[in-house]
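Let's take a walk through this two-chain model together. Keep the sequence and the 3D view open as you read.

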Amino acid sequence: MAGKSLVITSGKGGVGKTTTVANIGTALAMMDYKVCLIDADIGLRNLDVVMGLENRIVYDIVDVVEDNCRLEQALIRDKRHKNLFLLPAAQTRDKTAVQPDQMKTLVEDLKNEMDYVVIDSPAGIEQGFKNAIAGADFALIVTTPEVSAVRDADRIIGLLEAEGLKNPEVIINRINAEMVSRGDMMNIEDIIEILAVNLKGIVPEDNIIIVSSNRGEPVVLKENPKAGKAFKNIARRITGEEVNFISLEDNSFFTKLKKIFSFS
Amino acid sequence: MKSPITFKVAKNGIVLTLDPDAKFNRIKEALRGHVESATNFYAGADLYINIAENSFKIDQLNKIVNIVRGYKDVKNIIFTSDVVKQDTVEINNEGETYLINRTLRSGQKIKKSGNVVIIGDINPGAEVIAGGDIIVFGKIRGVVHAGAGGSSQASVTALKLEPTQLRISKKIARPPEESGNKKSLQPERAFIQDGQIMVEDFEI
């Protein structure tokens with residue numbers, strides 16, 4: 001049975017796409033699914049670093065497309081989960097090294113082997129973005145509670161719909177409960193009201209993310225951090241499970257969340 | 001100073017009238033400027049050039065022809081001496097109306113010579129330009145321009161008017177920096193009165 005492919009994208013850079021891919025992918029693998037992560041950010045690859053697999057790269061996505069190697073040769077098996085793979089981007093090339101239809105074929109091939117193919121999109125709306133979304137069955141958009149990130153997310157939703165990727169869902173990353181309750185940060189309600197799409201998950205801001213990215217150990221591997229729990233919940237929702245949104249400290253905030261949940 | 005060219009939108013197309021009292025150079029410059037700013041705004045329409053009370057030398061006429069060729073995708077360009085006045089109407093009463101049944105997101109742009117009705121929101125970063133009225137069954141947060149062909153009778157109506165910028169004809173307005181009650185839906189209508197953009201509650 002063929003698996004599903006999803007693209008994680010955002011428009012704006014630095015909102016946490018790569019972190020999200022690494023964590024959702026690892027979380028899916030922890031649930032015993034066979035998962036392949038694709039780094040579509042050719043020329044600015046990061047996913048290998050965040051996964052801690054940089055020193056194992058021999059072949060990359062451009063080698064596969066240019067027939068320098070077989071697809072299986074380029075796949076790097078994760079050091080912690082044997083059912084998790086990474087197809088790394090090329091660092092010495094640029095986005096034009098791959099065409100959307102090649103990407104589509106590649107993802108189709110991988111879907112035959114995997115339960116989930118998770119594609120990490122580069123920032124922007126140019127060719128790299130078009131490559132990243134070409135083979136995706138559905139899209140998750142990462143945004144942060146900033147006006148500029150939400151604006152870009154809105155633009156991306158419009159572009160995805162134009163490309164036939166209907167009903168994308170949104171992940172709000174780096175929510176700071178304290179700042180929201182003080183009214184210093186956009187709240188979830190405001191963001192969902194503008195974007196008018198389903199909420200797939202809320203990830204609280206947590207400095208441990210930086211530490212875990214630097215160490216190449218996705219935060220979902222740890223038991224305690226709330227951010228890790230949030231990513232695990234998103235992974236469970238991707239598999240079709242219904243999971244309640246986690247509470248972010250104070251109660252008034254939780255009531256707001258419940259309100260959103262009831263009408264989404 | 002009065003513009004040496006005037007535009008009206010009639011049922012059968014756009015009527016461009018050249019001021020017989022203006023110097024040829026001014027007409028030429030005004031036309032050139034208009035062609036540049038119009039881009040493909042008049043796509044699909046017939047353009048009538050009313051030269052009724054003008055007299056042009058043949059090379060002047062040639063120059064005019066060369067300039068108006070710059071209007072992109074205009075169906076026909078017709079020189080006429082009919083005074084089409086009685087037939088011309090302000091576009092917001094006539095003209096075609098386009099229905100858009102979705103929310104316009106950042107980066108999406110709608111440009112129509114008629115009226116535009118949107119069932120959905122205009123999000124920040126989206127842009128709607130209409131020759132006539134703009135009616136939005138939703139919230140306006142992006143940029144809207146009604147009466148873009150010059151009609152000062154045009155208006156903008158929405159369930160919630162919070163535009164980044166609102167233009168009618170040649171007037172531009174920004175909302176106040178401190179916006180009021182963000183939650184309530186109060187339909188509002190913006191129009192030009194005494195040379196200024198006014199906004200009033202729209203009673204249903």
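Two residues are in contact if their C-beta atoms, placed from the backbone, lie within 7 Å. With that in hand, residues 24 or more positions apart account for 42% of the contacts in chain B with a separation of 6 or more. In chain A, 76% of the contacts between residues at least 6 apart in sequence join residues at least 24 apart. Please bear in mind throughout that this is a predicted model.

**The two chains side by side**

| Chain | Residues | Helices | Strands | Buried residues |
|---|---|---|---|---|
| A | 264 residues | 12 helices | eight strands | 50% |
| B | 204 residues | two helices | 16 strands | 36% |

**Overall form of chain A**

What radius of gyration does chain A have? Chain A comes out at 17 Å, and a compact globule with 264 residues would be near 18 Å, so the value agrees with such a globule. The C-alpha trace of chain A spans about 55 × 40 × 35 Å along its principal axes.

**Cores**

The largest nonpolar core contains 82 residues. Those with the most contacts inside this core are V35(A), I61(A), V118(A), I119(A) and F231(A). Helix α7 of chain A, residues 147-162, gives the most to this core, with seven residues. To see one of the central names in its surroundings, pick V118(A): leaving aside neighbours within four places in sequence, V118(A) is in contact with L6(A), I8(A), V21(A), I24(A), G25(A), V35(A) and L37(A). A second, separate core has 24 residues, including V136(B), V144(B), V156(B) and I168(B).

**A one-faced helix**

Now turn to helix α9 of chain A, which covers residues 188-195. Here I188(A), I191(A), I194(A) and L195(A) are buried. Why do the buried residues of α9(A) line one face of the helix? Seen down the axis of α9(A), they fall within an arc of 135 degrees, so they share one face. An α-helix has 3.6 residues a turn, so residues three or four places apart point the same way. Just after α9(A), A196(A) takes a positive phi of about 50 degrees.

**A loop arginine**

R93(A) is found in the loop between β4 (84-87) and α5 (100-113) of chain A. Is R93(A) buried, exposed or partly exposed? R93(A) has 17 other C-beta atoms within 10 Å, and a residue counts as buried at 20 or more and as exposed at 12 or fewer; R93(A) is therefore partly exposed. Setting aside neighbours within four places in sequence, R93(A) is in contact with I42(A), G43(A) and V62(A). R93(A) and T105(A) are 12 residues apart in sequence, and their C-alpha atoms are 20 Å apart in space.

**Domains and the contact between chains**

Chain B is divided into domain 1 (5-89) and domain 2 (97-201). Five residues of domain 1 of chain B are in contact with six residues of domain 2 of chain B. On the domain 1 side, the touching residues divide into five nonpolar, no polar and no charged.

The contact between the chains takes eight residues from chain B and seven residues from chain A. By class, the side of chain B that touches chain A has one nonpolar, six polar and one charged residues.

Technical notes
Residues are numbered from 1 along each chain as its sequence is written. Chains are lettered from A and ligands numbered from 1 in the order in which they are written. This is a predicted model: local features need pLDDT of at least 70, side-chain atom pairs count only at pLDDT 80 or more; totals for chains, interfaces and linings use all residues. Helices (H or I, at least four residues) and strands (E, at least two) are DSSP runs, numbered from the N terminus. The arc is that of the directions from the helix axis to the C-beta atoms. The radius of gyration is taken over C-alpha atoms; the globule rule is 2.2 Å times the number of residues to the power 0.38. Ala, Val, Leu, Ile, Met, Phe, Trp, Tyr, Cys and Pro count as nonpolar, Asp, Glu, Lys and Arg as charged, and the others, Gly among them, as polar. Domain bounds come from an automatic or database domain assignment. A nonpolar core is a set of buried Ala, Val, Leu, Ile, Met, Phe, Trp, Tyr and Cys residues joined through C-beta atoms within 7 Å.
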